[in-house]
Amino acid sequence: GLWGTLTALSPQDWEQRQEEDTLLIERILLLVRNVLHVPPDPAEEQGVDGDASVHDRVLWALHISGMDDLLKFLASAQVEQQWALHVLEIISLMFRDQNPEELAALGQGTAGAEHGEDTRELETLRQRELAEKRARALQRTSRHSRFGGSYVLQGLKSIGDRDVVFHKGLHNLKSYTHDLGKEPQKVPRRRQA
């Protein structure tokens, strides 16, 4: 259809575009503008309250076909500035029946609802994280400490006429020697017994 033709033509570089391609793009934009320009006729439409008007259905068809994204591309691309007035006219016709105050309030309402939902979700995540942190802290305190205590061994002298201070657990006391904790000296193989 028309949208596929316009989509195929628009990403091309303007220098590579043929003159007939440029005319085709302009004709398609003018056709969209003219379709949107048709004034509403309430006597002809006679829809039920809350029914979508013909204009709304045309806008929905433009959205489904991807024409709105294409119009955004044409409006923002630097090399497509020649279509700026056509795109501006089409966009103004798209919003022709809309009340600016209602549109602004609608945007704020959804943004406010989304903001409130995001805040609730963040608060839930924060509470869960705090609960996990507390659980980890409780697990840490229940773990056994590797420090077995310090004991003074009376009757065993260390360097300088003081009693020996023993830093291991009491169950290691039976195997106590003054060499405990020292690395044994390596004896060369030829001198080993």
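## Exercises on helix packing and a pocket

In this predicted model, helices α5 and α6 pack with their axes 10 Å apart, at an angle of about 135°. Let's work from there.

**Exercise 1.** Decide how α5 and α6 are oriented to each other, and which hand their crossing has.

*Solution.* Start with the angle of about 135°. Angles over 145 degrees count as roughly antiparallel, and 65 to 115 as roughly perpendicular. The pair falls in neither class, so α5 and α6 are oblique to each other. Last comes the hand: α5 and α6 make a left-handed crossing.

**Exercise 2.** Now do the same for helix α2 (residues 19-37) and α6.

*Solution.* The axes of α2 and α6 lie 9 Å apart, and the packing angle is about 20°. Because angles under 35 degrees count as roughly parallel, α2 is roughly parallel to α6. As for the hand, α2 passes α6 in a left-handed crossing.

**Exercise 3.** Describe the largest pocket: its space, its lining and the chemical character of that lining.

*Solution.* First, the space in the largest pocket is about 370 Å³. Next, 14 residues line this pocket, and those nearest its centre are L59, H63, D68, M94 and F95. Then look at the elements: α4 (54-65), α5 (67-76) and α6 each give two or more residues to the lining, with α4 giving the most, 5 residues. Finally, sort the lining by type: 9 residues are nonpolar, 2 polar and 3 charged.

**Exercise 4.** Where in the protein chain is confidence lowest, and where is it highest?

*Solution.* Begin with the whole chain: the average pLDDT is 76, and 73% of the residues score at least 70. Then go to the elements. Helix α1 (residues 2-9) has the lowest confidence, with a mean of 57, while helix α6 (residues 84-94) has the highest, at 87.

Conventions. Residues are numbered from 1 along each chain as its sequence is written. This is a predicted model: local features need pLDDT of at least 70, side-chain atom pairs count only at pLDDT 80 or more; totals for chains, interfaces and linings use all residues. Side-chain values use heavy atoms; hydrogens and water are left out. pLDDT is the predictor's confidence in each residue, from 0 to 100. Helices (H or I, at least four residues) and strands (E, at least two) are DSSP runs, numbered from the N terminus. On a 1 Å grid over the protein atoms alone, a cavity is a set of points where a 1.4 Å probe fits but cannot get out, and a pocket is an open set with protein on both sides within 12 Å along at least five of seven lines; lining residues have an atom within 4 Å of a point. Grid points are joined across faces, edges and corners, and a volume is the space filled by probe spheres set on the points. Ala, Val, Leu, Ile, Met, Phe, Trp, Tyr, Cys and Pro count as nonpolar, Asp, Glu, Lys and Arg as charged, and the others, Gly among them, as polar. Axes are lines fitted to C-alpha atoms, for helices over the stretch in contact, and angles run from 0 to 180 degrees between N-to-C directions. A crossing is left-handed if the near helix is turned anticlockwise from the far one by less than a right angle, and right-handed if clockwise.
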